[in-house]
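Trainee: I'm new to this one and keep tripping over the labels people attach to it. Could we go through how such labels are earned?

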Amino acid sequence: MTINEGHTAEPLRLLAVHAHPDDEASKGAATMASYVAAGARVMVATCTGGERGDIQNAAMVGDAHSARDMAGARRLEMARAAKVLGIEHQWLGFADSGLPEGDPLPALPDNCFALKPLEIAAAPLVRLMRRFRPHVVVSYDENGGYPHPDHIMAHKVAVEAFHAAGDPGKYPGTGEAWEPQKLYYDLAFNPQRFRALHFALQEAGLASPYAQRLAAWLEADTEGHTPPAGSHPTTTQVDCGEFFEKRDDALRAHATQVDPDGFFFAVSPEMQRKVWPWEDYSLIESRVPTSVPENDLFAGLR
Ligand SMILES: [Zn+2]
């Protein structure tokens, strides 16, 4: 794949909006690395500092830096991951809302990202869109991929900014209007993919960590789909298996958040390339003509 083959137009640009540092490594990382390698510019916007995250990696329990300053530790991790993927990165500067747990759920902390009025929360992203001028924007679906309040808010600000950035009457003082052309939702948790990986592991006589997840999906799918349908159809599959090792290196760069023996590493890159060499997306809106299924987020823009 070559971007802009045969002419010297400015490179195509992709902006991915994420809630926390590490989300860019677990959702669409190989896609981003593949586009960087092909000459596109890729920017990740991270809404919050992830400072309310717990240590998810036993080897990092007792780590002095993260114990003293989780936000600072995660800034360093994010910089390492960005370097691995070759992406540009921008913090949007909001406070992590944390994942409320308990019954009843506790109130969200004052001043956190998820409690901000939409126009305040979306303004830095509108400003970034007007500066970076992405052709394609990738975000989470309405459920945030999973229902963390910051993920749901990241979805809201991405959709708001996608629609507002091109309107010169909106968000005055944040730069010259720029209209992104395509909006996608990331389908990193596509049930079809987990199902395929689950059966490949079983067939190879290996333990699968996905059995429980699959059963829960089947139970939640009241229409009885087999395999269960995702909330949005897969319209676009980017063949990026060649970049799975880079994705895994980016994940490991988030050492406080990612267990190197955990869930994300249950299936070898080789097996993933055989079974599911793609990352999956749902095209939500396009201002350029395109037809689905697609195999390129920039389809219609080249
Ligand atoms: Zn997150």
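**Reading the labels**

Trainee: Where is Pro104 found?

Mentor: Pro104 is found in the loop between strand S3 (88-94) and helix H5 (118-132). Keep in mind that this is a predicted model.

Trainee: What makes the peptide bond from Asp103 to Pro104 cis?

Mentor: Look at omega, which is near 5 degrees there. A cis bond also joins Val292 and Pro293, with omega about 0 degrees. Pro293 sits in the segment after strand S7 (278-286). Most peptide bonds are trans.

Trainee: What is notable about the phi of Arg133?

Mentor: The value is near 55 degrees, which is positive in a residue other than glycine. Tyr171 has a positive phi too, near 50 degrees. Most residues other than glycine have a negative phi.

Trainee: Where do I look for Arg133 and Tyr171?

Mentor: Arg133 lies in the loop between H5 and strand S4 (136-139), and Tyr171 is in the loop between H6 and strand S5 (182-186).

Trainee: Why is Tyr171 called buried?

Mentor: Count the neighbours: Tyr171 has 22 other C-beta atoms within 10 Å. The label needs 20 or more, so Tyr171 is buried.

Trainee: And why is Arg133 only called partly exposed?

Mentor: Arg133 has 18 other C-beta atoms within 10 Å. Buried takes 20 or more and exposed takes 12 or fewer, so Arg133 is partly exposed.

Trainee: How do you know that H4 and H9 are roughly antiparallel?

Mentor: Helix H4 (residues 70-85) and helix H9 (residues 244-253) pack at an angle of about 170 degrees, their axes 8 Å apart. Angles over 145 degrees count as roughly antiparallel, so H4 and H9 get that description.

Trainee: Which residues of H4 and H9 meet?

Mentor: From H4 come Glu77, Arg80, Ala81, Val84 and Leu85, and they meet Lys246, Asp249, Ala250 and Ala253 in H9. The residues of this contact divide into five nonpolar, no polar and four charged.

Trainee: Why is H9 called largely enclosed by the rest of the structure?

Mentor: Seven of the 10 residues of H9 are buried, so the description fits. The buried ones are Phe244, Lys246, Arg247, Asp248, Ala250, Leu251 and Ala253. Their cover includes helix H1 (23-26), helix H2 (29-37), H4 and helix H10 (269-275).

Trainee: Which residues have the most contacts inside the largest nonpolar core?

Mentor: Those are Leu125 and Ala161, in a core of 69 residues. Helix H6 (residues 149-164) gives the most to this core, with eight residues. Leaving out residues up to four places away in sequence, Leu125 touches Val17, Ala45, Leu92, Val157, Ala158 and Ala161.

Trainee: Which residues does the UniProt annotation "binding site" cover?

Mentor: The unreviewed UniProt entry puts that annotation on His20, Asp23 and His151. They are spread over 132 residues of sequence, yet they cluster in space, with a largest C-alpha distance of 9.5 Å.

Trainee: What makes Asp23 and His151 buried?

Mentor: The cut-off is 20 or more other C-beta atoms within 10 Å. Asp23, in helix H1, has 29 and so is buried. His151, in helix H6, has 25, so His151 is buried as well. Not counting residues up to four places away in sequence, His151 touches Ala19, Tyr140, Gly144, Gly145 and Tyr146.

Methods. Residues numbered from 1 in each chain as written. Predicted model: local features only at pLDDT ≥ 70, side-chain atom pairs only at ≥ 80, totals over all residues. Axes fitted to C-alpha atoms, helices over the stretch in contact; angles between N-to-C directions. Helix = DSSP H or I, 4+ residues; strand = E, 2+ residues; numbered from the N terminus. Parallel < 35°, antiparallel > 145°, perpendicular 65-115°, else oblique. Contact = placed C-beta atoms within 7 Å. Nonpolar A, V, L, I, M, F, W, Y, C, P; charged D, E, K, R; others polar. Core = buried A, V, L, I, M, F, W, Y, C linked by C-beta atoms within 7 Å. UniProt positions renumbered as here; feature names shortened; annotations may be inferred.
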